[in-house]
Amino acid sequence: MSRTRLRALVVLCVCLAGVPLLAQRGFRGGPPIDFVERAAPYDGRFAFARLKFVTAPGGYYYRGLPAWAHGYPNAENHLSRIMSEVSAIKVIEDARNVLALDDPELFKFPVAYMAEAGYWTMTDKEAAGLRAFLLKGGFVIFDDFRDDGRNAGGYANFEMQMKRVFPNARLLPMTHDHPIYHSFFEIPSLDLIPQSYGSGPPTYLGLFENNDPKKRLMAIINFNTDVADFWEFSSQGFYPIAEGNEAYKLGVNYMVYALTH
């Protein structure tokens, strides 16, 4: 990573402190969220896409919101702004696109993000839609879920749903030498990625084409952590800037990898 890119990333994390938030977590309060499902119509530029699903019981614990909406829209808006500033990728910065797994429009977005997969439920049609998306080159980031004792399946539920998408799927541990950690910024160790939950080390897993780690990575799983938490709250000073920088670097790498593989 060049000094220029690092400097730009630090400056942006500081500058985002002036961006008004539309929502905040838990005790941090915040006004009601306005769900805009097509704020960024497809025009060839990169736009962030968030996956929605019918939330299982227990998943409305944060401000009455469905689990998939946690962090919306600040996490994607802030990451999109960072991408626009530090890379040559043409980005729609206000990219609040919310799509169902079986929405044909999903195929216009190469990268999709899902929060709180522990509360994820899915119809057979949605499972088929996600399978088609991944097989045609799509990439999914699963983030912000854990086994925390609430009325949800946690990792077990996530694994069950993934088995409905790919019955023979094997979710393999990620290692720091995988290209995704070197696609734009250099991330020499997974220990550098900050932990939002404070509940033990995060687990990073990958879903690979034909279960072969030498082939394309179709989905990455950030379990027992919430990387997007650092994107969401980088404007509020809840986390050290250095930690936010590492989370942004990881997010940019995810996007660049997905766009180039």
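Me: Before we look at the sheet, what makes two strands a pair here?

Reply: Two strands pair if DSSP finds at least two bridges between them. In this predicted model, an open sheet of seven strands follows, in the order β2-β1-β3-β4-β7-β6-β5 and with mixed pairing.

Me: Why are β2 and β5 said to stand at the edges?

Reply: β2 (97-100) and β5 each have a single partner strand, so one side of each is left without a neighbour in the sheet. From one strand to the next, the twist averages 30 degrees.

Me: How do you know that β6 and β7 are joined?

Reply: Count the bridges: the cut-off is at least two, and β6 and β7 have six, running antiparallel. Within this part of the sheet, Gly206 stands opposite Ile220 in β7.

Me: And what makes β1 and β2 a pair?

Reply: Again the cut-off is at least two bridges, and β1 (residues 49-52) pairs with β2 over four, in the parallel sense. Leu51, for instance, has Leu99 in β2 as its bridge partner.

Me: How do you know that both faces of β2 are covered?

Reply: Look at the side chains on each side. Asn97 and Leu99 on one side are buried, and so are Val98 and Ala100 on the other.

Me: Why is Ala49 called buried?

Reply: Buried means under 20% relative accessible area. Ala49 has 1%, so it counts as buried. Its place is in strand β1.

Me: What does Ala49 touch, leaving out residues up to four places away in sequence?

Reply: Ala49 touches Asn97, Leu99, Phe109, Val111, Ala112 and Tyr113. There's also a long jump in sequence here: Ala49 and Arg96 are 47 residues apart along the chain, yet 6.9 Å separates their C-alpha atoms.

Me: Let's move to the helices. How do you know that the length of α4 is close to what is expected?

Reply: Helix α4 (residues 154-165) has 12 residues, and at 1.5 Å a residue the expected reach is 16 Å. From its first C-alpha to its last, α4 reaches 17 Å, which is close to that.

Me: Which residues of α4 are buried, and why are they said to line one face?

Reply: The buried ones are Gly154, Tyr155, Asn157, Phe158, Gln161, Met162 and Val165. Seen down the axis of α4, they fall within an arc of 160 degrees, so they line one face of the helix. In general, residues three or four places apart point the same way because an α-helix has 3.6 residues a turn.

Me: What covers those buried residues of α4?

Reply: The cover includes α3 (124-135), β4 (139-145), β5 (171-173), β6 (203-208) and β7 (217-223).

Me: What about α3, which of its residues are buried and which are exposed?

Reply: Glu126, Ala127, Gly129, Leu130, Phe133 and Leu134 are buried in α3. Seen down the axis of α3, these too fall within an arc of 160 degrees, so they line one face of the helix. On the other side of α3, Asp124, Lys125 and Leu135 are exposed. The buried residues of α3 pack against β3, β4, α4, β6 and β7. Just after α3, Gly137 takes a positive phi of about 110 degrees.

Me: What makes the phi of Asp144 worth a remark?

Reply: Most residues other than glycine have a negative phi. Asp144 isn't a glycine, and its phi is positive, near 65 degrees. Asp144 is found in strand β4.

Me: Why is Asp144 called buried, and Asn211 too?

Reply: The cut-off is under 20%. Asp144 has a relative accessible area of 1%, so it is buried. Asn211 has 19%, so it is buried as well. Asn211 is in the loop between β6 and β7, and has a positive phi of about 55 degrees although it is not a glycine.

Me: Which peptide bond is cis, and where does Pro73 lie?

Reply: The bond from Tyr72 to Pro73 is cis, with omega near -5 degrees. Pro73 lies in the loop between β1 and α2 (74-86).

Me: Where does pLDDT stay under 50?

Reply: Over residues 14-30. Where pLDDT is low, the predicted coordinates should not be read in detail. For the protein, the mean pLDDT is 86, and 83% of residues reach 70 or more.

Key:
Residues numbered from 1 in each chain as written. Predicted model: local features only at pLDDT ≥ 70, side-chain atom pairs only at ≥ 80, totals over all residues. Heavy atoms only, no water. Helix = DSSP H or I, 4+ residues; strand = E, 2+ residues; numbered from the N terminus. Expected span 1.5 Å × (residues − 1). Buried < 20%, exposed > 50% of the residue type's maximum accessible area, 1.4 Å probe, protein only. Arc of directions from axis to C-beta. Contact = heavy atoms within 4.5 Å. pLDDT = per-residue confidence, 0-100. Axes fitted to C-alpha atoms, helices over the stretch in contact; angles between N-to-C directions.
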